[in-house]
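User: I am in my first year and would like a close look at how the strands of this model pair with each other. Please take one part slowly, and then connect it to the contacts between side chains.

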Amino acid sequence: MTRFWLGGYGPAMDGSAEGIGLLAGDESAPTALEYRGAVTRTSSPSWLAQHPSLDVVYAALEGDAGVQAFGRSGESALRPLGEPVAAGDGVCHVAVSSSGSFLIASCYGDGRVVRIGIDAQGQLVPDAVNKAAELRAALLGEQLEETAPAGVAAAASDPYSGELTATGDARSSHAHSAAFLADGRIATTDLGFDLVRIWRPIAGGLVLDHEVVLPLGTGPRHMVAHPSGHLHVVTEYSCEVFTLAAGRDGTWAVVSSVLASPVAEIGVDFPAELARTRDARFLYTALRGSNTIAALRVRGGGEALEAIALADSGVDWPRHHLVHEGKLLVAGQRSDTVALIDLDERTGAPLDIRHIAQAPAPTHILPVR
């Protein structure tokens, strides 16, 4: 049976999800997916992440500023493993380390990047919530102030200090996602400050290593680590995908960039997720606004991308998508639907919409392991 956990927005965030949901297809029709209802009663679990070895799922409770662990109980059920752990305002993304010993929570509302410990049973450890230094402290070798609130990874200063947003507002820090790099370091995006930050994990915490400054107003959102070692970053405001690479000294820098689609309309289209095929030959991003899926081909050794196709996503406001067994699943936050799209294995182009399932305000799709 094909099954997926669904994250979603609840009433407090203008959605109708009652908790983590289950989307499933039976053996006779695995692609005819149906929403089977909520398996937890959880407020706005907008992003989900799987423990690497345990039957434990972690949810970013975006409206409640916390992260919570859920253990698998039975074939298609989850139960809370302890109470939620405080993270930060608008926590919108969680990523679990390959060791399963900690996770990184990114908080859109206040810009925090938070490390939370995980014990041997998969439960979150509140006492192991650690903070990272401010950029200035990292550069000067200063110690963290003991009065700093536990769990806070303070954002660095704005590289474009004094500049305003496109709407004339002051810029503010908005952490949006984290990715684990091959050398053990961690990359996080700051959509508000146009930064990709590189962190070094240390005993019980994180230390800021350096930052990659993207052009003003691009809005880096989500990332995909390529097997070649390159890091692809999609930008919410400029509709681009930047490719980063580490130099011999370990310092990351931009090596190329490309529009997600030649017909993407800045200010109308807002890319969301970035996902790749298992063989890493193709990437896909969804354009909220035109409600399309843009396909890109990976060129050379991963150092460049080429936009190759644009197709209807089949949903309204495609907030998240993933490639699964040669097909693309797309979560339509505003249409309360999940679309299943065929992919051309040879060219990577999205093809026909095979199936659309009803689901309440879906924001994230996670395969049930």
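Analyst: In this predicted model, four strands form an open sheet, arranged in the order 25-26-27-28, and their pairing is antiparallel. The edges of the sheet are strand 25, which covers residues 318–324, and strand 28, which covers 350–358, and each of these pairs on one side only. If direction is ignored, neighbouring strands of this sheet are turned by 20° against each other on average. As a general point, strands of a sheet pair through backbone hydrogen bonds, and they can do so either parallel or antiparallel.

Looking closely at one edge of the sheet, strand 27, made of residues 337–343, pairs with strand 28 in the antiparallel sense over six bridges. Within this part, A339 stands opposite I356, which belongs to strand 28.

Strand 1, at residues 2–8, offers a second example of pairing, and here we can also ask how covered the residues are. Seven of the seven residues in strand 1 are buried. In a regular strand the side chains alternate between the two faces of the sheet. For strand 1 both faces are covered, since T2, F4, L6 and G8 on one side are buried, and so are R3, W5 and G7 on the other. Strand 1 runs antiparallel to strand 2 (residues 21–26), to which five bridges join it, and one pair to find in the picture is F4 with its bridge partner L23 in strand 2. Strand 1 is also joined by five bridges to strand 29 (residues 362–367), again in an antiparallel manner, and there the bridge partner of W5 is L366.

From the backbone we can now turn to the side chains, beginning with cysteine. The structure holds zero disulfides, and C92 is accordingly in no disulfide, with the nearest cysteine sulfur, that of C107, lying 7.2 Å away. Why does C107 form no bond with C92? The sulfur of C107 has its closest cysteine sulfur in C92, but the 7.2 Å between them is too far for a bond, because a disulfide requires two cysteine sulfur atoms within 2.5 Å. Both cysteines are nevertheless covered, as C92 is buried with a relative accessible area of 6%, while C107 counts as buried at 0% relative accessibility.

Charged side chains give a further kind of contact, and the structure holds 18 salt bridges. Side chains of opposite charge can pair when their charged atoms come close. One of these pairs is D110 with R112, whose closest N and O atoms are 3.2 Å apart; D110 is partly exposed, with a relative accessible area of 28%, and R112 counts as partly exposed at 27%.

Another salt bridge joins D158 to R171, with the closest N and O atoms 2.8 Å apart. D158 and R171 both lie in the loop between helix 1 (135–140) and strand 13 (175–180), so the pair ties together parts that are 13 residues apart in sequence. Both D158 and R171 are buried.

The side chains of D190 and R197 also meet in a salt bridge, at 3.0 Å from N to O, and here D190 counts as buried at 0% relative accessibility, as does R197 at 1%. Finally, salt bridges can be followed through a group of residues, for D183, R185, R200 and D209 are linked in a network of them.

Conventions: Residues numbered from 1 in each chain as written. Predicted model: local features only at pLDDT ≥ 70, side-chain atom pairs only at ≥ 80, totals over all residues. Heavy atoms only, no water. Pairing = 2+ DSSP bridges. Helix = DSSP H or I, 4+ residues; strand = E, 2+ residues; numbered from the N terminus. Axes fitted to C-alpha atoms, helices over the stretch in contact; angles between N-to-C directions. Buried < 20%, exposed > 50% of the residue type's maximum accessible area, 1.4 Å probe, protein only. Salt bridge = Lys/Arg side-chain N within 4 Å of Asp/Glu carboxyl O.
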